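Here is a short tour to read alongside the sequence and the model. Please keep the viewer open as you go.

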Amino acid sequence: MRRVLALQELLGPAAVVLIAALLGAAVSTSNEAYFTDALVKVAIVVALYVFIGNSGVLSFGHISFVALGAWAAGVLSVPVSEKPAIMPNLAHVFRDRTTGNLTSLLIAALVGGVCALVVGLPLMRLSGLAAGIATFGVLEITHNLLRYEEKVGPGLNTFSSVPETTTLRQAAFGALVAVVVAFVYARSRFGRILRATREDAAAARAVGASVYRQRLVAFTISGLVAGLAGGLYVHLLPLNTESVYLDLTFITLAMLVIGGATSLWGAVVGALAVSALDSYLAVAENGTSLFGWHIDLPAGTRVIVVGVLMAVVLILRPTGLTGGREFRLWPRPA
Amino acid sequence: MMLAFLNIDWQTLADATALGAIYALMAVGIGLVFGVLRLVNFAYGQLVMAGAFALALASQWGWPVWAGIVLCFASVLVLSVLMDRLVFRPLRGHSPAVMLVATFAVAFLMQSIALLWFGPLGKIASSLAYLNRPVTVGSVDIRKITIVAVVVAVVCMLALTLLLERTTICLHIRSAALDFQTARMLGVRADRVIGLAVGLSGALAAVVAVLLTVQTPLVTPDFALRDTIIVLAGVVLGGMNRLIPATLGGFSIGFATGLLGGALPTNQSQYIPSFVFGAVILVLLVRPSGLFTRGRVVERV
């Protein structure tokens, strides 16, 4: 019975993802892009949740795994004939082959996971502010290298001519995969021990939990999910190094914090709610009407509104909209 | 001899020292607030940005230099007090991570307000541009701003040291930075101490704004953003808990960035952020509590 009831923690987030996908299928083609984008954001925020939510350690570095996944998928799936045009200095290994869509996504996830493991091996020893700054350093280094290293990508240019295969259906599927992975991890022995270290590191150590090892596991898994999300992202729209840097870090962290960082439900709700608001404001920046009022917001209002919202949520409700609790229709049996 | 080998001339050395001095000032500004509030102010660079825009507007309106500097100080101080009242005060006592994320939000908020207000191309603050002209010291040409920056930084540090060592209220700041709860029990007034720390930190941001606009007259919404990220890394590198290590950390990272930037050819100097942050991560791994601190900080149960 308890196991069946636990499933609702998976079904809630999954259902919301599906509803978003169905809504996206119902609206016009021009608005569908907003829903696809929102679903990719869900995958990124769930990746953040797997590490930040379960460990309680802040990471500014996850967008670098999104970026690396995006670069891997992008470099591999640009058609061979177009590679010399947009990436003239590409290394030979990548120049003469392209892979299919699914393969590129799997490789993106793998790249994200392996890089997270390699980065995590030294970094997971840190906690608190040192961890925040060090992961920020990872983001800076990744951004810097991808920007100037033209052997592995387009450098300063934009990743054009990547096949745009991330449809609404594929984005929804990717988000669902992320949700399932996060759920299974959180229910597993590893996830439980990591949350124990989050609540009280000293007590968890005292009963034999290795804080370092558990954080490393979570970091690697969240790197995998982030890499996958990056693969989806590069197949969605033409990226450059600036689109997977500070702005994306800010908006995804805002989504996680607004939703509630300590639960999967919070991550999904936050990502979708902020995406909805953000997309609505994006439409409003081009002029729209609401309840008969004509609204025409100046460009740039979006970030202001999201920033204010994030600050207000942090001040009034630091555990987020969901209170950091998982989705439950029925209370836990006594 | 060594310097010649590394292809570093006096101008580079002087510029690196000036950059280090400016970063040291920013480090003190961040460290003062961290000392009393345990809050890492990611939005510090946006205070500098606001001050720089004030200078740019003043020079656009044709105000005299002193009026521009007054406007710069006034706007930065008002903004710091607002930031304290609206964001820092409600968040007092939350975990450092929550506060860091909140200031991250404030930083983006201020940046997008500036974007909305002034546009992405920015404005030019030109009233102090004459400080960019070189003077000849001995046989070396050094830009005036380099000397001004170093002198201003040293004067600020000395004044601050005097203030922190010799006055009662600043004794309160120092005691609050060591142990806020005990200090309050002994009669230190929390709001006054925090208000003063925020004010001093704002004043330093205004000084930095004046110095930085001379070096980079084009003021854009992301003005000082990169500098703040580097200074934050430097502050954590030096040791967040005390002012002097934090300042030293800020100076060293500025000096190192400036030196590498001047000494390396462009195709290598574009990788400076990677070098710097790689070094920061390495140091953090070896000494998580900071390079210039003594002893180990052990988390107590």
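## The fold of chain A

In this predicted model, chain A is built from 15 helices and 2 strands. Its radius of gyration is 20 Å, close to the 20 Å that the globule rule gives for 334 residues, so chain A is as compact as a globular protein of that length. If you line the C-alpha trace of chain A up with its principal axes, the spans are about 65 × 55 × 35 Å.

Turning to the inside of the chain, 51% of the 334 residues of chain A count as buried. Contacts in chain A also reach far along the sequence: taking those between residues at least 6 apart, 81% join residues at least 24 apart.

## A helix pair in chain A: α3 and α9

A good place to zoom in is the pairing of α3(A), residues 29-55, with α9(A), residues 168-187; their axes come within 8 Å and cross at roughly 15°. Since angles under 35 degrees count as roughly parallel, α3(A) and α9(A) are therefore roughly parallel to each other. Their crossing is left-handed.

Which residues in α3(A) meet α9(A)? Among them are Phe35(A), Leu39(A), Val42(A), Val46(A) and Val50(A), along with Glu32(A) and Asn54(A). From α9(A), the partners include Leu168(A), Ala171(A), Gly174(A), Ala178(A), Val179(A) and Tyr185(A). Sorted by type, the residues of this contact comprise 18 nonpolar, 3 polar and 1 charged.

## A helix pair in chain B: α2 and α11

Now hop over to chain B, where α2(B), residues 10-37, packs with α11(B), residues 243-263, at an angle of about 150° and with the axes 6 Å apart. With angles over 145 degrees counted as roughly antiparallel, that makes α2(B) roughly antiparallel to α11(B).

The crossing of α2(B) and α11(B) is right-handed. The residues of their contact divide into 16 nonpolar, 12 polar and 1 charged.

## Where the two chains meet

Finally, how many residues does each chain bring to the contact? Chain B supplies 37 residues and chain A supplies 33. On the side of chain B that touches chain A, the elements giving two or more residues are α4 (65-91), α5 (96-118), α10 (225-238) and α13 (272-286).

Of these, α5(B) gives the most, with 15 residues. And what is the character of the side of chain B that touches chain A? Its residues are 32 nonpolar and 5 polar, with no charged residues.

Terms used: Residues are numbered from 1 along each chain as its sequence is written. Chains are lettered from A and ligands numbered from 1 in the order in which they are written. This is a predicted model: local features need pLDDT of at least 70, side-chain atom pairs count only at pLDDT 80 or more; totals for chains, interfaces and linings use all residues. Two residues are in contact if their C-beta atoms, placed from the backbone, lie within 7 Å. Helices (H or I, at least four residues) and strands (E, at least two) are DSSP runs, numbered from the N terminus. Ala, Val, Leu, Ile, Met, Phe, Trp, Tyr, Cys and Pro count as nonpolar, Asp, Glu, Lys and Arg as charged, and the others, Gly among them, as polar. The radius of gyration is taken over C-alpha atoms; the globule rule is 2.2 Å times the number of residues to the power 0.38. A residue is buried if 20 or more other C-beta atoms lie within 10 Å of its own, exposed if 12 or fewer, and partly exposed in between; C-beta atoms are placed from the backbone. Axes are lines fitted to C-alpha atoms, for helices over the stretch in contact, and angles run from 0 to 180 degrees between N-to-C directions. Angles under 35 degrees count as roughly parallel, over 145 as roughly antiparallel, 65 to 115 as roughly perpendicular and the rest as oblique. A crossing is left-handed if the near helix is turned anticlockwise from the far one by less than a right angle, and right-handed if clockwise.
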